[in-house]
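Open your viewer and get your selection tool ready. We will go from stop to stop, and at each one you will hear what to select and what is there.

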Amino acid sequence: MSFESWSLFCLASLLVILIPGPLSLLMVTNSLNYGIKRSLPAFMGGTIASLLLLTASATGLGALLAASETLFTAIRYAGALYLIWQGYRAWREASQPGHESAAPQVKPVASRLFARAFTLGISNPKDILFFVAFLPQFISPEAALLPQLLVMCLSWCLLDLLCKLAYGSSAHLLKPVLRKGRNLEHFNRASAGLFVGIGSVVLIK
């Protein structure tokens, strides 16, 4: 893989990753409620999910999903229901008395943060189909396939992690503003509504 192809791949990947999605929204919510350091397991969970989806695409699972409409639909519905469940959880947590004042002091369970982000990231089959269409655009047929896939997967994951950290850090800087009055509670409820909305759109699409 030439440097020019790798640079173009990184630029295209960055543009795609920067588009906000459910996982980015979860990173922002975690950063606001728990801080960047305590939210690191969630960042890792989302990144590892991306790595597994990239690997699945590169090894042919994406082609299998593309060929099996029933399997794709089943996974898509499962992911949509999980989004709605996450929205319900976020709304319930935001509605708990003292949630805003208690959030910074409560230490979240790292395994739960990791599992929540990983499940949300891995449950979207559209990412696999996207990677199936995206990766071949930057593969050189003259070079060995495995090293190129390895470079692209690792580059994507690094960019993905950095972008999610940037989202979380930006949200953390706005925390003093959001914590005035009930702004943080309103933000958490708005996030919950977005989760439910996205999941509902996927279900009825």
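**Stop one: the cysteines**

Select Cys 157, which is buried at a relative accessible area of 8% (buried means under 20% relative accessible area, exposed over 50%, and partly exposed in between, with a 1.4 Å probe and protein chains only). Before moving on, note that this is a predicted model, where local features need pLDDT of at least 70 and side-chain atom pairs count only at pLDDT 80 or more, while totals for chains, interfaces and linings use all residues. Residues are numbered from 1 along each chain as its sequence is written, and side-chain values use heavy atoms, with hydrogens and water left out.

Now add Cys 153, also buried, with 8% relative accessibility. Is there a disulfide to look for anywhere, or none? A search of the whole structure finds zero disulfides, a disulfide being a pair of cysteine sulfur atoms within 2.5 Å. For Cys 153, the nearest cysteine sulfur belongs to Cys 157, 6.6 Å away.

**Stop two: Ser 155**

Select Ser 155 in helix α9 (residues 145-173); helices are DSSP runs of H or I with at least four residues, numbered from the N terminus. Ser 155 is buried, at 12% relative accessible area. Leaving aside residues up to four places away in sequence, Ser 155 touches Trp 6, Phe 9 and Cys 10 (contact means heavy atoms within 4.5 Å).

**Stop three: aromatic pairs**

How many aromatic pairs does a search of the whole structure find? The search finds two; rings of Phe, Tyr and Trp (its six-membered ring) pair if their centres lie within 6.5 Å, and planes under 30 degrees apart count as stacked, over 60 as edge-to-face and the rest as tilted.

Select Phe 3 and Trp 6 for a tilted pair, 5.8 Å centre to centre with 40° between the planes. Phe 3 is exposed at 57%, whereas Trp 6 is partly exposed at 31%. Both sit in helix α1 (residues 3-17), and they are separated by about one helical turn because they are three residues apart.

Next, select Phe 114 and Phe 118 for a stacked pair, 6.0 Å centre to centre with 5° between the planes. These two lie in helix α7, four residues apart.

**Stop four: α3 against α7**

Finally, show helix α3 (residues 40-58) with helix α7 (residues 110-122): their axes come within 7 Å and cross at roughly 35°. Axes are lines fitted to C-alpha atoms, for helices over the stretch in contact, and angles run from 0 to 180 degrees between N-to-C directions. Residues that meet here include Met 44 and Leu 52 in α3, and Leu 113 and Phe 114 in α7.
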